[in-house]
Structure formats: structure tokens, C-alpha cells
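Biologist: I am new to this structure and should be grateful for a close look at a single part of it. Please then set that part in its surroundings.

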Amino acid sequence: MQFRLTTLLGVFIAATVIAAGRLAPAGAQQATPRPTSTYTQPLTPWGEPDLQGVWGGRHQTVTPLERPAEYRGREFLTDEEIAARQKEENDLQAQKDALVQRGEGEDLGLQGRPARKGDSIQNFEYNTFWVDTGAPAKVFRRTSLIVGPEGRIPYKPEVLTRVAYSAAVVSSRPPDDFVNRSWRDRDMGERCISDGVLGMVWSGTGPSQIMQGPGSVVIRGEQFRDRRIIPTDGRAHGTIRSMLGEAVGHWEGNTLAVETKNFSDMSQHWPRDRFAQEFRTPSSSMHLLERFTRTAEDTIEYEVTITDPSKFTKPFTIAFPWMKSPTEQIFLEYACHEANYGMLHLLSQSRNLERRQAKAQGRPSR
Amino acid sequence: MKLWIAALTAGALTVGVLIGLMLRVQRAAQQDERGSRAPRTADGKPNLNGVWQVMNTANWDIQDHPAQPGPYPHLLGATIYVPPGEGVVEGNDIPYQPWALEKRKENFAKRMVMDTEDLKVGDPEARCYMPGVPRATYMPYPFQIIQGTDKILIAYEFAHADRVIHLQKVDPRPYLAVDTWMGHSEGHWEGDTLVVDVRGLIDQTWFDRAGNFHSDALHVVERYTPIGPDALTYEATIQDPKVFTGPWKMSMPLYRHLEKGAKVHEVQCVEFAEPFMYGSISNPPLK
């Protein structure tokens, strides 16, 4: 009974909030504008907007991060363009499904989505072809996930050389006699640590799970078991730095606003990262402002504004919806480090290579 | 009216009134106790939200143990030693099968060994592996309980391990298809006690640094019972017919962190484990 009363109260509060027009309107800032007038934000029993559940993120869409040249000056696709591109995605998924049906699913890795003309390496995860959500990727209205008239990452000129370097490294194959001196020669992902907080929202080959209790929101990324515990009890930021940074949140009507800073400087930790994208490698001067607004039973409009004066000439904003499956999604344990035989083999092989090279050159080997 | 009847009536009335008063006092006391016992959630359950930690030495050894030097006294001096402590196992004895008792001794002897050919040798804690259940509870680090509507998250600081306790009915099959480090947890309330059934646990976690271990047949039933606003009793019943001759139980209090802004910090302990794990096969080698 108490629960029912609370629910009724929740519905009443939510209705009042919406009536007061505090629900963020679906406007130009949002990737998929949709009517929100009929949607009532459910509340938790303790009266906060309820965002709980397993949500898909970036991997559900094919919208590139940066705006391709063909859409220069255009922030949105037309209905006809969306329909045409969605058909491509549906057809691609049908091909994948047919492969699986024929028992040739393991070949899916070779059936990667072809890059579009004008795509930059920044636009897709290197492993997009691994991702099969079992449903066609969604084509959103935006021409790029970066909002605004430019739709590009505002790199400082001196950073662009690093971007070009990492693009070149990504597209090149390491020599067969490449020697890893230690685990530090491998990237953070291969070390089973993390792709960082932007990797978490950005790359995620897996979903995110939002869990809530009074005064706390937790975002769990399936990949790397990344976990962000976000207090919403009014506390201020402290001074302790960490890889995923210190997140502090508060509610603005139905929107969860999260400010994250106190990142440790990880740029030294991605020394030879063949896959890292410069924009998401955390630095100690990075600052994030994220907003989560549930606009439908199955949709959270997500946006993140990234500020980092060490890399960017100005802040920029990325927006895309997090989508939820109507059925309960399983969320499995990611035990990567616990079985990282790959690292042991890489390093053992490198020592073997060194011994062989030393022998060939007549040097003493250890 | 005869005097004895009057006396009896008066006596009965007095006893009745006294009993009534006592009951009222008792009920009031119970209510007070319940009031101070545990804060409640909006739906009337004990509110376990908060940051918790044990105050014991069970991670060194879940059984009674005296003070001992740490693993590398010549490197660490008295900075790290084994603090003495009463065990958390009820009755102190663990009913190992004979072969398993030998295995436990071997585990202890090799606890700090890192074998690049065999990752199953040595204490998994040294490698920053997820600690499993119940060890995660009594690691010497805090954990946070986030009590949602139909799921409870326990977020441990060590190895940023965590586990979801499903309070609503879920199909366990996908979760049990492969054994996991933190297992699959299903919970329900028995009065004010949160009872959690944990299955699907992998055979590679230990109970402590003393080499106490289990197999993949491990089945843990945990009970979290509030004993005050800032304390819980934690009980774990351990069943594993491959390793033990019968079930056994551990029990300990959990304490709430009361400092303002208490939190579970982000710790990436893989970075601290890498030199230990990969140092011998790096160039230059770390000894």
C-alpha cells in the first residue's frame, strides 16, 4: 500500500514537473527528436527519476563522430535519407543473420561495415565489425554525433600531428619482429584495465547498466567492468585523481547532470596505443559535463560536453540516445585480466625473439 | 461479597493491569529498538544503502591466527605483518576432506608464487583478481551497497569487483552458463534479513591469504541482518561437497562508514599487479 501511494505520488509529481515544462524539450540538441508530451518519467520509490536498466549506447548507431564532408554545413539528415540509410543497415543485418543461419557466423568479422567515403579514422571504433547487437544499427537524424555547425573535434594544431600519427599507426600492421619490452608496450585495453571514461561511453562493445539508490547513481560498463559511482547527495568534488575521474551528480528536474574532473593524466599510459583515439585519452585537464534525460520508456537522451584546454581550442558536445531493449537484458561479468593469457604469451614470445636475435648476432643472451 | 472473592478479584485485576503495563512497555521497547535498528527504505525494507567494511583480520586467515611476520619481512620490515585475530568461522574448524587439507597447506606455501605457466598457483589477491564471494566482504577495503528497486548492487573497492543481487525473478541460465568470479546472486527478504543465494562461482578464488579454498561446486548463502542503524551481521553458509565433508558457516559484523562523504574509491589494482605478474618476462626483468 505504501508502495502504491508512493507510486501515485510519483506519478503526481512527474505530471506536475512535466506540466511545469521542466522536462527538457526535444530540440535541436537531441539526436532523435520525438514527442515527449505523452511520456511520464517514472520515479523511484524515493522520488528520483528512474533511469535503472541495461542500456545500449554508441554501438547501436552508425552515425559517425565527426561530420563527413558530404554533409558539411548540415546537422541533420532528411526523412528520405534516414529511410534510405536505415534500409542499408537492415539489409546488412539480414545478411549477417543469413550467415549465422547457415552456420557461418564466425566469418562475420570479415563482413565489416565498409567505411563511407570521407570517413576519418576517428569516426568508428576499429572493432565495429565485432559488434552484433542482433538488430540493425540505428540511423539517427544527426549527420554527426558532435553537435553544432562544424561537427568536428576542435583539436589544437599541435595535437593534430599526434592524431595523424595515431591514425597512421592504426592503419599499419606492426612488424613481425616487434618486441614488447614489458606490459607497458601494450595499450590499456590489452592490459585489461580500461579504455577510459570516454571509451566507456564511446566505444563500448557492450551495454551500460544504470543502477540507483537514494543519493547514488551507478553506471556500469560491461566492457572492462568500468564503474562510475556518482553521488547525488549534494557533496562537492574532492581532490583525489583517478583514471575514470571523480563524478558528482545532481538532478535538474528529470535530468541527471554529472560533472566529472580529477582525471589522472593517462597520456603516458597509452604510449603505443594502436587503437586509442586522441580525443578520448584522458588528461588531467579534462572536464566532462554529461546530461541524462529519459524521454521515453526505451530512450535516454545523452550528451557530454568535453573540455580540455591541453587538446581542444574550445569545448564540444557529443549527443546520442541510449536505447533499451523491451526485455530484461543480461549483463555479464567481464573477467579480462583474470584470464589475460595473451599478455603472458606476448611477453614470453618477445623474450624468445630477443634470444633468437642475440644468437643470430652472436651476442650473449640472458 | 465474600472477602476471598474480593481479594482474588483485586489480585487478578492488579495482575492483569501489571501484565498489560508490562506488555505495553515491552511493545514500546520493541518499537524503540526497531526504530533505532535500521533506517527504512520507502517501501519499508531495511535501508542498507551506504559504505560498509569489516573490522577484522579474516582476509589474512578466516580461522584463529597468531601474529606472524608478513611475506617479505626483509623488504617490508614491520610495515606489513599478519595481525593476530579471532577467526570468523563458527567453531573455528573447517571440515576439509583429507586431500583438501593437504591442498590448503600447499596453497599457503605457494601463496606468493607467480607462475607464468600456471595462473592457478598462488593467492589470486596478489594479481588483483576479483575476490569472489564471500571473500569480497571481508577484504580490508570498503564496499558500497546501492539498494535499487528490484536489484541491489554491491560495489567493492578491491579490483572494482561488483555484483548484482537480483531480487526479482530472473532466468538464471545465461548467468550460470559459465562460472564467474563473483557468481550469480539471487536475493529475497526474510523479515529484516536480506538472504542471498550465490551460485555459479569459479573454482579460482580463495577464502583468504592462508590458502583456504573451494571448488566450482561452491554454494554460498549469505544473510545480511541489521543490528543497529550502523551495523549489520553478515553470515555466510558454505557448501562444497567436493572439498568439505559438510556445510560450515562464517559470521562477522559489518560496520557503516560514518565519515562525511564516505565513498568507495576507484582503484585500478591491475597496474599494481603487473610488475608482480609480468616482471620476470620483461626486459629488463624485474626480480
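My question is this: which residue of β11(B) stands opposite I238(B)?

Modeller: The model is a predicted one. In it, the residue of β11(B) that stands opposite I238(B) is W248(B). The two strands concerned are β10 of chain B, residues 231–239, and β11 of chain B, residues 248–256. They pair in the antiparallel sense, and eight bridges join them.

This pair belongs to a closed barrel of nine strands in chain B. The order of the strands is β1-β4-β5-β6-β7-β8-β9-β10-β11, and the pairing is mixed. From one strand to the next, the twist averages 30°.

Chain A offers a counterpart for comparison. There, nine strands form an open sheet, in the order β4-β3-β2-β1-β9-β8-β7-β6-β5, with antiparallel pairing. The edges of this sheet are β4(A), residues 227–231, and β5(A), residues 246–252, each of which pairs on one side only. Neighbouring strands of the sheet are turned against each other by 25° on average, direction ignored. Within the sheet, strand β1 of chain A (residues 53–56) runs antiparallel to strand β9 of chain A (residues 316–324), and two bridges join them. One residue pair may be named here: W55(A) has K324(A) in β9(A) as its bridge partner.

The two chains also meet. Chain A brings 43 residues to the contact and chain B brings 38 residues. On the side of chain A that touches chain B, the elements giving two or more residues are α1 (2–19), β2 (208–213), β3 (216–221), β4 and α5 (341–360) of chain A. Of these, α5(A) gives the most, with six residues. By character, the residues on this side of chain A comprise 19 nonpolar, 13 polar and 11 charged.

There remains the question of the nonpolar cores. In soluble globular proteins, nonpolar side chains tend to be buried together. The largest nonpolar core here has 95 residues, and those with the most contacts inside it are V218(A), L153(B), I154(B), A155(B) and Y156(B). Taking I154(B) as an example, and leaving aside its neighbours within four places in sequence, this residue is in contact with F143(B), I145(B), D162(B), R163(B) and I165(B). Apart from the largest core lies another, of six residues, which include W183(A), M343(A), M277(B) and Y278(B).

Definitions and conventions:
Residues are numbered from 1 along each chain as its sequence is written. Chains are lettered from A and ligands numbered from 1 in the order in which they are written. This is a predicted model: local features need pLDDT of at least 70, side-chain atom pairs count only at pLDDT 80 or more; totals for chains, interfaces and linings use all residues. Two strands pair if DSSP finds at least two bridges between them. Helices (H or I, at least four residues) and strands (E, at least two) are DSSP runs, numbered from the N terminus. Axes are lines fitted to C-alpha atoms, for helices over the stretch in contact, and angles run from 0 to 180 degrees between N-to-C directions. Two residues are in contact if their C-beta atoms, placed from the backbone, lie within 7 Å. Ala, Val, Leu, Ile, Met, Phe, Trp, Tyr, Cys and Pro count as nonpolar, Asp, Glu, Lys and Arg as charged, and the others, Gly among them, as polar. A nonpolar core is a set of buried Ala, Val, Leu, Ile, Met, Phe, Trp, Tyr and Cys residues joined through C-beta atoms within 7 Å. A residue is buried if 20 or more other C-beta atoms lie within 10 Å of its own, exposed if 12 or fewer, and partly exposed in between; C-beta atoms are placed from the backbone.
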